[in-house]
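Please take a moment to look over the chain that follows, and keep it in view while reading, since the paragraphs below move from one place in it to another.

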Amino acid sequence: MNIRTALLVIACGALIWSCSKNEQKSRSEDVPAATAEAPAEDKDVTEVEVKFEYQMSGIPFDLNGTPVSVAGMTFTPASQWTDLGASGSQVASYYYGPLEGDTDSATVTVHYFGKSSGTIQDGQERWISQFSMPDGRDPHTATLQYTKVIDSMNVHVLTLMGNYHLPPDGTVIKEKYRLNGIVVEAPEGNVFLKLTGPEYTSRIMIEAFITMVFQIKRTG
């Protein structure tokens with residue numbers, strides 16, 4: 001395994017580990033899991049050491065979609081995602097699936113509100129507030145967060161799993177949903193990338209999503 005693949009496995013595992021650790025059974029149990037640990041010398045992988053078990057699904061993807069440039073950065077989505085285009089502050093949106101066992105697709109939305117878009121913490125709190133836990137716990141207790149530096153930009157990652165209260169009013173609730181919220185401190189302001197979806201489909205979409213984010217580049 002080369003270093004790029006190793007870092008991808010570490011990144012995806014850290015995201016998915018926190019969402020899956022309380023599940024009684026996961027489709028990933030169908031294959032042996034490999035144990036990985038963030039290497040101490042790679043200071044930019046995470047802010048803290050995270051131990052987890054995760055094996056890549058093997059479902060293929062490629063980052064050959066139409067590149068999107070926003071706020072002084074560029075990302076390229078997976079060609080396997082359906083591109084829904086832009087609308088206002090939503091500069092890009094995509095859906096994927098549903099895959100085996102799920103009835104809903106997973107979605108990715110990308111928002112840029114300009115330099116006055118609010119703080120990173122405001123965005124993260126908004127995402128967490130859209131979730132509740134089946135056992136009544138505070139969703140903050142089920143949230144994993146870490147920061148990585150990519151092409152000199154701080155990238156803040158948040159992930160959790162629980163009951164998703166669909167915006168805008170939260171009256172529709174989806175059980176066993178995942179959220180992966182990422183804030184990129186781009187040169188021209190914060191960019192908010194959000195992945196949500198049912199347990200399995202979103203877990204597979206994460207592999208392309210986190211790869212896409214970890215390959216963002218400054219524009220120009």
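A salt bridge is counted here when a side-chain nitrogen of Lys or Arg lies within 4 Å of a carboxyl oxygen of Asp or Glu. Side chains of opposite charge can pair when their charged atoms come close. The model is a predicted one, and by this rule it holds four salt bridges.

One of them joins Glu 199 to Arg 178, whose closest N and O atoms are 2.7 Å apart. This pair links distant parts of the chain, for Glu 199 belongs to helix α3 whereas Arg 178 belongs to strand β11, which covers residues 173–186, and the two partners are 21 residues apart. Are these two partners buried or exposed? Glu 199 has a relative accessible area of 11%, and because buried means under 20%, Glu 199 counts as buried. Arg 178 is buried as well, with a relative accessible area of 0%.

Glu 199 also forms a salt bridge with Arg 203, and here the closest N and O atoms are 3.1 Å apart. Glu 199 and Arg 203 are four residues apart in helix α3, so about one helical turn separates them. Arg 203, with a relative accessible area of 3%, is buried. When these two pairs are taken together, Arg 178, Glu 199 and Arg 203 are linked in a network of salt bridges.

Another of the salt bridges offers a contrast in its surroundings. Asp 135 pairs with Arg 137, the closest N and O atoms being 2.8 Å apart. Asp 135 counts as exposed because its relative accessibility is 53%, and exposed means over 50%. Arg 137 has a relative accessibility of 32% and therefore counts as partly exposed.

Helix α3, which runs over residues 199–213, also contains Phe 209. Because its relative accessibility is 0%, Phe 209 counts as buried. Which residues does Phe 209 touch, once those up to four places away in sequence are not counted? Its contacts are Trp 81, Val 108, Asn 180, Ile 182, Leu 193, Lys 194 and Leu 195. For one of these, Lys 194, the separation can be given in two ways, since Phe 209 and Lys 194 are 15 residues apart in sequence and 9.6 Å apart in space, C-alpha to C-alpha.

To return to helix α3 as a whole, the reader can find in this helix both Glu 199, which is paired with Arg 178 in strand β11, and Phe 209, a residue with 0% relative accessibility.

Note on methods:
Residues are numbered from 1 along each chain as its sequence is written. This is a predicted model: local features need pLDDT of at least 70, side-chain atom pairs count only at pLDDT 80 or more; totals for chains, interfaces and linings use all residues. Side-chain values use heavy atoms; hydrogens and water are left out. Helices (H or I, at least four residues) and strands (E, at least two) are DSSP runs, numbered from the N terminus. Buried means under 20% relative accessible area, exposed over 50%, partly exposed in between (1.4 Å probe, protein chains only). Contact means heavy atoms within 4.5 Å.
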